[in-house]
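Visitor: I'm new to this one. Could you pick a single part and take me through it closely?

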Amino acid sequence: MIFRKVDPFHIKNGVKHLHTFILITAGFTAGGSLLQGFIARENSMTGKIHSLESFETVDGPGIRFVVFMQGCPLRCLYCHNPDTWDVKAKPQYEMSPEELLVEALRYKSFIAKGGVTVTGGEPLLQAEFLKEFFILCRREKTHTALDTSGAVFNEKVKELLHYTDLVLLDIKSLSRDMHQKNNRGCSGSYFADTGLPEKREYSRMDKACARTGADGR
């Protein structure tokens, strides 16, 4: 059998796409883990991805493959990645969950004791896509972490949490005034001492994480 080395990405409308292909499981391994074959389909759900990092050590336990999603409802003055804000911007990558898994598993031997972290931007803007991706990661026994401001919390997010191993919840501000000054955007990303809906929302997310084990405890 002859194998030909190819660039796994092709360019379409200025955006990188992973070539669609079929993985045959007979004898095929990725980082020592047998893939339960799948087809990466052209019409599959796609995620808008700003960038990928293959060897990170500060975004969760161990060595991580990090996915930066495109789009964020906040406008934090101290944001490290303001180029991820615009939800309408053309992303560097558009991938299906299956295609993103293939890219992550290229580094399986490095991230075996770490895992995959999804950040942004605000990853919860694409919760449905991430749920499908995390389901695939779980099948491959790959640890998943979600780095989020908690600015989005709905039924799709709750479903995602069931397949998330760890949530890195980034509380942006401690009061409404600080939030309005430093974190312009949606109002669900600050924590007050008493009585505000945002505190209850964070409490709900914390409880949801605890129920699914995504709090790491």
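Guide: Sure, let's start with a yardstick: the expected span of a helix is 1.5 Å times one less than its number of residues. Keep in mind that this is a predicted model. Now try the yardstick on helix α3, which covers residues 127-139. With 13 residues at 1.5 Å a residue, α3 should span 18 Å, and its end C-alpha atoms are indeed 18 Å apart, so the two agree.

Next, look at which parts of α3 are tucked away. Its buried residues are A127, F129, L130, K131, F133, F134, I135, L136 and C137. In soluble globular proteins, nonpolar side chains tend to be buried together. Here, the largest nonpolar core has 30 residues, and F65 and L100 touch the most other members. Several elements each supply at least two residues of this core: β5 (47-56), β6 (64-69), β8 (93-95), α1 (97-105), β9 (115-119), α3 and α4 (155-161). The largest share, seven residues, comes from α3.

You can see α3 meeting the rest of the core by following L100. Leaving aside residues up to four places away in sequence, L100 touches F129 and F133, along with I49, L52, F65, V67 and M95. Both F129 and F133 are on the list of buried α3 residues.

Finally, follow the chain out of the helix. Just after α3 comes K141, which takes a positive phi of about 55°.

Key:
Residues numbered from 1 in each chain as written. Predicted model: local features only at pLDDT ≥ 70, side-chain atom pairs only at ≥ 80, totals over all residues. Heavy atoms only, no water. Helix = DSSP H or I, 4+ residues; strand = E, 2+ residues; numbered from the N terminus. Buried < 20%, exposed > 50% of the residue type's maximum accessible area, 1.4 Å probe, protein only. Core = buried A, V, L, I, M, F, W, Y, C linked by side-chain atoms within 4.5 Å. Contact = heavy atoms within 4.5 Å.
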